[in-house]
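I opened this notebook to record what I looked up, entry by entry. The topics are contacts between chains, domains, a sheet and a helix pair.

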Amino acid sequence: MSDNNTKKINVSPSALYGWLGDRIFAVSVFVLGFIVIFTTLAMAISLYYEGSEAITRFGFWGFLTGEKWDPAITMEFGAWPFIVGTVSTSLGALALSFIPAIAIAVFTAEYAPHWLSHIIENLVNLIAAVPSVVIGIWGVFVFTPWIRDTVEIPVYIWSLENAPGLTPILGNPIGYGMMTATIILTIMIIPFTTALTVDAFRMVPKEQREAASALGATKWEVIRMAVIPYSRGGILAGTMLSLGRAIGETMAVAMLIGNKNTLPFTLFGPGSTMASVIVNEFREAVENIHLTSLMAVGFYLFLISLIVNLAAAYIQRKYAVTGGRAV
Amino acid sequence: MRSLRSRYARDNVVLVFIILNTVAVLIPLFIILGYVIVQGFNYISLDLFTKELGSPTRNMMGEPTGLVHTIIGTAVVDIMAVLISIPFGIGAGVMLSEYPDHWANPILRVLNDTLNGMPAVLKGLLAFVLVVKPMGSFSGLSGGVALAFVMFPIIARATESALMNIPWSIREAGLAIGLPRWRVILSTIIPAAKVGLVTGFLIAFARAAGEAAPLVFTSFGNNYLPVKWTGWIFGPVDTLPQRLYNLAISPYEHWHGMGWAAAIILLAVITASFAAARFFIRDKKQE
Amino acid sequence: MRFTKKMAAALVIAAAMSTAFAQKIEVIGAGASFPAPLVTAMADQYRTLTDGRVTVNYQSIGSGGGIRQFGEQTIMFGMTEAFLNDEIVEEVEKKTGGRAFNMPITLADVVVTYNVPGVKEGVVFNGEVLADIFLGKIKKWNDKNIQALNKSIKLPNLNITVVHRSDGSGTTNIWTSYLTKVSKEWADKIGYATSVNWPVGVGAKGNEGVAGVVMNTPGALGYNSYAYALLNKISYGYLINKSGNTIKPNFEATSEAANIDLPEDTRIIFTDTPAAQGYPVAGFTWMLVYENLEKNKAIKSKNEAEELIKFLIWAITDGQGLSERLGYAKLPKAAVDKNKAMIRELKWNGEEIGKKILG
């Protein structure tokens with residue numbers, strides 16, 4: 001053994017094995033890394049380039065705020081209805097999911113005995129991995145009829161009799177619509193937020209908890225005063241990432257939102273999101289301007305996702321540095 | 001200062017609230033899983049694994065129909081995605097962890113995370129622009145590329161953190177006995193980090209295997225097995241997530257049944273890769 | 001010596017195997033969902049007829065998709081109920097030096113499908129009422145305008161949920177061309193195309209999607225290829241035509257409507273037919289094929305081009321035997337003849353292979 005080693009050291013390694021091998025290896029690693037960089041840039045560039053016809057025809061802001069999506073007569077296109085759809089469904093889902101997701105995380109990380117928290121954590125991870133289309137098929141055959149018959153129609157009838165002013169806001173109770181899509185999105189992002197929040201809680205040093213306990217704090221007070229403030233950066237960043245998930249969620253939304261391209265959207269009535277309109281119309285658009293408009297919608301979706309992701313990264317970094325000192 | 005009793009009472013109220021919340025959220029999640037499992041098993045049959053889909057009129061005409069081409073197609077497209085994404089993911093991860101001083105690393109890290117956060121539907125559009133358009137046809141390969149875009153940012157991140165976990169002293173030890181750097185990385189660092197690598201990899205796979213949005217514009221769909229083996233790569237290929245979408249929105253009752261069956265197969269694949277990932281992580285903890 | 005023999009034998013086997021493989025052909029097409037049940041059933045049958053040698057892969061992605069992918073040359077043939085407009089035909093001529101043929105492959109009715117609990121098939125509509133429903137002016141099933149046409153049926157006080165296509169669709173083209181002809185307001189505000197700016201309603205993907213949403217939504221009203229109503233047992237309405245007759249969708253009424261002078265290129269819309277017993281919302285589905293087949297990047301060899309032509313000929317002749325069972329009318333003889341004339345023009349690098357195959 002040692003004999004072998006000695007031999008190796010004595011024989012001066014060939015260039016290919018030594019410095020040249022290092023060069024080759026480093027260069028190939030850099031090439032691979034640069035291709036990853038290039039891919040992300042290519043996404044931005046190709047979406048802009050493929051959508052440029054629409055963006056130049058209607059203007060950057062004109063396309064963004066254009067409310068018309070008319071592939072028949074005027075050939076005018078604007079992304080506004082889809083932006084409204086994306087923003088309202090994903091913010092709605094975020095609002096609905098926030099407290100339950102945090103609650104599960106608190107329970108898992110702070111209250112549950114080890115075996116139970118292990119089970120819950122695995123389940124949450126598993127559910128986070130359930131594909132969008134699988135949630136979609138359940139939504140189409142189970143959830144949509146159920147919510148239509150047990151929530152939407154009774155509420156609609158009630159409002160007809162008691163609050164007629166409300167009916168235009170509620171819209172037609174058909175099951176396929178904004179509310180259904182929002183609730184499905186909520187179900188889909190809860191596990192995601194929970195997982196990230198649990199991670200944030202686990203980062204809290206034991207001393208932080210012990211210090212609070214030593215001051216006589218109850219369990220909840222420890223969580224509220226020591227754990228949550230310490231991990232709020234992680235929670236916030238996790239929430240932003242969940243928002244990004246909701247914004248980009250495509251298939252389940254396309255299957256359940258009802259696909260209506262004109263504003264105004266109503267609570268029960270159909271709507272559309274940026275991702276859903278792309279997946280619905282991309283293969284089928286006949287006119288060039290229609291196709292480039294869809295690419296342009298993709299470009300704006302890229303920008304929105306970019307902002308959300310960068311915000312998450314910023315929050316994470318900011319709180320990671322000052323986190324130790326934050327109360 | 002409130003009384004101790006009221007503070008403890010509030011503690012209990014909060015606990016009850018949290019438990020109720022947890023139960024209330026976990027129940028619908030269980031319902032979804034339960035529904036898919038029960039419905040899926042109802043519609044699993046031998047034909048599903050041995051026959052092609054063909055026309056929706058097959059059932060009416062009493063001919064057998066199944067998803068064999070979809071199941072094989074999923075395997076082919078997923079394997080292509082894996083083969084494409086491994087070198088890029090690991091390459092980028094190695095660059096981040098082993099060459100920490102490289103000037104491009106901050107850019108790489110930000111852009112890799114950006115790509116990871118991008119909606120999958122945009123990755124489909126990118127694969128459409130980069131592969132489908134120049135090649136002139138929808139193809140299994142373009143589907144593999146689209147899924148690789150989903151996978152490699154995750155692999156890169158996992159690789160980076162797995163390699164970072166290996167103490168720097170091991171690298172120094174390797175270099176000190178005269179090994180060149182590439183040899184240290186390939187034969188010491190990567191094997192030492194293999195559990196982390198494999199885990200990251202399985203998680204990436206589980207994410208990509210369920211994606212339908214990128215496949216709609218790329219691998220396109222097919223009701224039959226391709227007639228030549230090259231058809232799997234250069235021709236349109238059926239995949240479970242995309243077929244599931246088509247089955248679910250169709251009006252045909254027996255297609256709905258096959259949709260549920262497709263859902264449970266998909267779920268089984270993903271659960272298996274997740275379980276494998278968990279298994280690896282546990283192994284590592286025990287070591 | 002032995003070695004070379006072995007090699008030779010291996011080579012022979014390999015060559016034999018490769019020709020055996022090469023003979024298998026995949027014909028890739030995509031487009032309209034309207035004829036999808038028929039075309040895929042044809043594909044199934046054609047494959048059996050050729051002993052599995054020719055597989056026709058048809059994906060139902062909508063007429064808009066058929067036209068788009070035909071132009072992008074990602075498919076060997078497209079299918080659409082909205083024929084190519086002059087602009088596209090000219091573009092193709094510029095690009096390939098030949099024509100883009102629209103060959104009628106089938107024709108069928110677009111029917112009003114609905115889901116009203118307790119009400120069966122046969123609610124009567126006229127153009128005006130339908131336009132008002134799709135404009136959002138008639139909102140309830142028991143609206144007096146609908147009730148007036150259906151004295152014997154008690155319609156419920158239920159919201160009408162309009163279901164339309166979310167993708168580019170030839171069914172939409174036929175349907176909106178009908179609404180455009182019967183309603184000035186529709187013509188001015190919305191117009192007709194493969195996809196339009198719908199004032200109301202839920203969008204669903206494909207004929208499949210519309211049928212699916214109609215089936216599981218009480219109060220829904222959509223428009224579908226007749227086949228979808230038939231295959232899925234969805235209730236469908238009867239329409240009052242231009243001559244004032246109430247027409248139940250059926251094959252004679254379709255043929256009646258299609259009984260017109262076909263132009264050479266068969267590009268014609270015959271909605272709102274003047275024929276007394278004709279059904280007012282019917283149309284052809286066309287198969288889109290390049291005259292110069294070698295210019296289509298999706299067709300990689302002469303062999304493939306020939307198989308495409310053979311399938312096309314079979315589809316417009318023997319393949320029509322599947323039609324009526326699935327809810328489609330048989331092609332009128334005039335259309336078959338026009339098709340054959342066009343098939344004779346098909347070329348591969350200048351060689352008139354269409355003429356050769358058809359004789």
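Entry 1, chains A and C. I took two residues to be in contact if their C-beta atoms, placed from the backbone, lie within 7 Å. I noted that this is a predicted model, in which local features need pLDDT of at least 70, side-chain atom pairs count only at pLDDT 80 or more, and totals for chains, interfaces and linings use all residues. Residues are numbered from 1 along each chain as its sequence is written, and chains are lettered from A and ligands numbered from 1 in the order in which they are written. I found 23 residues of chain A in contact with 29 residues of chain C. Two elements of chain A, β1 (69-70) and α12 (274-281), each give two or more residues to that side; helices (H or I, at least four residues) and strands (E, at least two) are DSSP runs, numbered from the N terminus. I sorted the chain A side into 10 nonpolar, 7 polar and 6 charged residues. Here Ala, Val, Leu, Ile, Met, Phe, Trp, Tyr, Cys and Pro count as nonpolar, Asp, Glu, Lys and Arg as charged, and the others, Gly among them, as polar.

Entry 2, chains A and B. I recorded 70 residues from chain A and 69 residues from chain B in this contact. Helix α2 (residues 19-58) of chain A supplies the largest share of the chain A side, 19 residues. By class, that side has 49 nonpolar, 17 polar and 4 charged residues.

Entry 3, domains of chain B. I read domain 1 (2-43) and domain 2 (47-286) from the assignment, whose bounds come from an automatic or database source. Their C-alpha centres lie 33 Å apart. I noted that 6 residues of domain 1 of chain B are in contact with 7 residues of domain 2 of chain B. The domain 1 side has 4 nonpolar, 2 polar and no charged residues.

Entry 4, a sheet in chain C. I found 3 strands in an open sheet, ordered β5-β10-β11, with mixed pairing; two strands pair if DSSP finds at least two bridges between them. β5 (124-125) and β11 (246-247) of chain C stand at the edges, each with a single partner strand, so one side of each lacks a neighbour in the sheet. Between β5(C) and β10 (residues 238-240) of chain C, which run parallel, I noted 2 bridges. Within this pair, C:F125 stands opposite C:L239.
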